[in-house]
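User: I should like to go through the reasoning behind the terms used for this model. Please set each value against its criterion.

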Amino acid sequence: MAQLTYRASVSLAIAQSMRKDQKVFFIGEDVGAAGGVFKATVGLLEEFGKERVMDAPISEQAILGAAMGAAMTGLRPIAEIMFSDFLAVCWDIVANQIAKTRYMSDGQINIPLVIRTANGGGSKFGAQHSQSLENWSMMIPGLKVVAPSCPSDVLGLMDSAVKDPDPVIFYEHKSLYAFKEEIEQTDISIPIGEANTLHEGKDITIIGLALMAQRAKEAALILKDKHDINAKVIDLRSLVPLDLQTIKKSVIDTGHVLTVEENPRLCGWGAEISSLISEHCFKNLKGPVTRVTTPHVPLPSADILEDNTIPSVELIVNEVIKKLKGE
Amino acid sequence: MVDKLNDDIGEEKRLQLWEMMLKLRLVEKKAYDLFLQNLIKGTSHLALGQEAIAGAFGVALKQGDYTFCTYRGHAHTLARGSSIEGVLGELMGRQCGLMKGKGGSMHLTDVDKGVMGSYAIIGAHLTIANGTALASKYNKTNEVSVCFFGDGTTNIGAFHEALNMAKIWNLPIVFVCENNLYMEYTPIHEVTAVEHPAADRAGAYDLDKIIVDGNDADEMLRTAEKAISKARDGKGPSLIEAKTYRHSGHSRADPGKYRPDEEVKDWMENKDPIKNYRAKLLDFNINEKIISEIEEKIKDQVEKATEISMASPIPEIKEIYTDVWANGGSEWHN
Ligand SMILES: Cc1ncc(C[n+]2csc(CCOP(=O)(O)OP(=O)(O)O)c2C)c(N)n1
Ligand SMILES: [Mg+2]
């Protein structure tokens, strides 16, 4: 049994995949000698050498293009985009090329690659280094979208992402890199598309992802201790594929749903989930599905501004009380 | 006069090249006819006039090598040995099409032949071609990757990112700029800082400046073979700028009126790669009967393939929902 940070679980997960399969290599900016700007890839170059751990120029299109081309031949690249915000400069490769080539080629080409990227706010980096962009990739057919909320999920989901025959975007949350967990076994696999229950409860279903799942869990503990409300917290773990069955089961149990999203309001993933719930579980609902999101603004930088923009534990607690007690 | 005794190419290869170029020409012409009959919908970008480039590489490459081309890619696809009905069928949206109608004219793909796709967003495929080249290096195999693109493509960032990466990692790749003097409708010199849009940038990536007459099939073949050997021998990437001209407009919708009449006339009459190559074959004393037999054979192939494509059924509607994912389907939730 060892304590592992989310950060350390990233490099361990990559290393485990690379040990198991010679076809796996890793490419990104400042990832090798420097160990990554978040120090999430320390030790990989030393273990695997320059041929499998490639320090690339600041060329996001070229990095993802090279990863895509290599994947087309059957290799299994893991490519890093330093901050998810930088996906915007290589979005053509992601959205037009990687996502669509299998379909357009009528299945002639598989693209088994993983794009890992540091996502989300909390670091006071301002609007171009803090975004939560899971919903950008969720809306494009052909991409799988994973966002782990804890070290064991990083280990288990990375294993599956690397083995997956389809392209996976793996959103690591910057504010979770220091998150610690006791881990018994590190070489684990968690299927992509299975949500995880972080807290049991029958009064309301709170659905979150990554940092928001952890905040929802904290909120659930407070709701139970101080307000006698038992909330079920579902950590989706992946948006595509989405575990609709787990959501449905819980909605049937509780009849109340709150989604907690870090992205700005419009077209956030919670809107799609809300629509699915009204389509599939309308009769089980005791009230409208509601959403907590970052307001529809670019993320500001100052402590007080950022802290009041991204959904907090208190906000989640208050929203739940408002929903259930009308306060 | 030609020096038959010091001929580095030889009759056999020349006839191969002749047959190849002719096939590309006649299929494109057929595609144009089928458009006029409204049997091909959507858009299409013909490479009429540019056959010597695709043809030369088609002859020079080996099975297992990878090629990447643009939306102007019918010729490049055929040049790797893809079937004519596969190409025409795709243009017509038939089941016999290379991708059963799911990709269309701009995305011809035939992995078995090394045709790793045709790409319609300018620049992207230069970066992707680096990836197959990287894989060859990683696996220590000796395939070569070749990436074709237009003059206009030299002004997008991906071109520059890709060349730099290919050079620093010494990738087995050949970049081929088909400079047909125009991007879509704008002359390339009006929007480019240098005279030779690709070749003048080569130095920035420590590559040789290579400019070739892309309508001279023999020269094109020599240049292609040299660059391919260099890549195969582990000596790194090349960037070739091949000067050429498209006989038709940019795409189906374009009559090409922005080009001066004399310019078009000069390229059509004096610099047509096919016309000139036929004359060259005769100069080399190749029997005209052999040349004509090849012509007849190709005409026949194109007609037969057209019949096959026209008789092929249209795709089933359920195809819409296949092959988004590797499991064959399109479901995104359980
Ligand atoms: C990123 C991007 N910008 C613009 C276009 C629209 N477009 C399609 S073809 C073309 C011209 C390309 O010119 P060139 O590279 O010279 O190729 P050619 O068509 O002459 O073969 C343009 C601008 C595009 N497909 N992708
Ligand atoms: Mg052009």
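Analyst: In this predicted model, an oxygen atom of ligand 1 is placed 2.7 Å from an N or O atom in the side chain of Tyr71(B).

User: What makes the pairing of ligand 1 with Tyr71(B) a polar contact?

Analyst: A polar contact requires a pair of N or O atoms within 3.5 Å. The pair involving Tyr71(B) is at 2.7 Å, so the pair qualifies. By the same criterion, the side chain of Arg72(B), with an N or O atom 2.8 Å from an oxygen atom of ligand 1, also qualifies. A polar backbone atom of Ala120(B) lies 2.9 Å from a nitrogen atom of the ligand. The protein covers 75% of the 580 Å² of accessible area that ligand 1 has on its own.

User: Why are Asp151(B) and Asn180(B) counted among the donors of the magnesium ion (ligand 2)?

Analyst: Donors are N, O or S atoms within 2.8 Å of this metal. Asp151(B) (OD), Asn180(B) (OD1) and Tyr182(B) (O) coordinate the magnesium ion at 2.1 to 2.2 Å, so these atoms meet the cut-off. Asp151(B) lies in the loop between strand 3 and helix 6 of chain B, and Asn180(B) in the loop between strand 4 and helix 7, so the pair ties together parts that are 29 residues apart in sequence.

User: Why is Asp151(B) called buried?

Analyst: Buried means under 20% relative accessible area. Asp151(B) has 1% relative accessibility and therefore counts as buried.

User: How do you know whether Asn180(B) is buried or exposed?

Analyst: Asn180(B) has 5% relative accessibility, so Asn180(B) counts as buried.

Definitions and conventions. Residues are numbered from 1 along each chain as its sequence is written. Chains are lettered from A and ligands numbered from 1 in the order in which they are written. This is a predicted model: local features need pLDDT of at least 70, side-chain atom pairs count only at pLDDT 80 or more; totals for chains, interfaces and linings use all residues. Side-chain values use heavy atoms; hydrogens and water are left out. A polar contact is a pair of N or O atoms within 3.5 Å; within protein, one must be able to donate a hydrogen and the other to accept it, and residues adjacent in sequence count only if both atoms are side-chain atoms. Accessible areas come from the Shrake-Rupley method with a 1.4 Å probe; for residues, only the protein chains shown count as cover. Donors are N, O and S atoms within 2.8 Å of the metal (3.2 Å for Na, K and Ca); water is not among the atoms, so sites may look incomplete. Helices (H or I, at least four residues) and strands (E, at least two) are DSSP runs, numbered from the N terminus. Buried means under 20% relative accessible area, exposed over 50%, partly exposed in between (1.4 Å probe, protein chains only).
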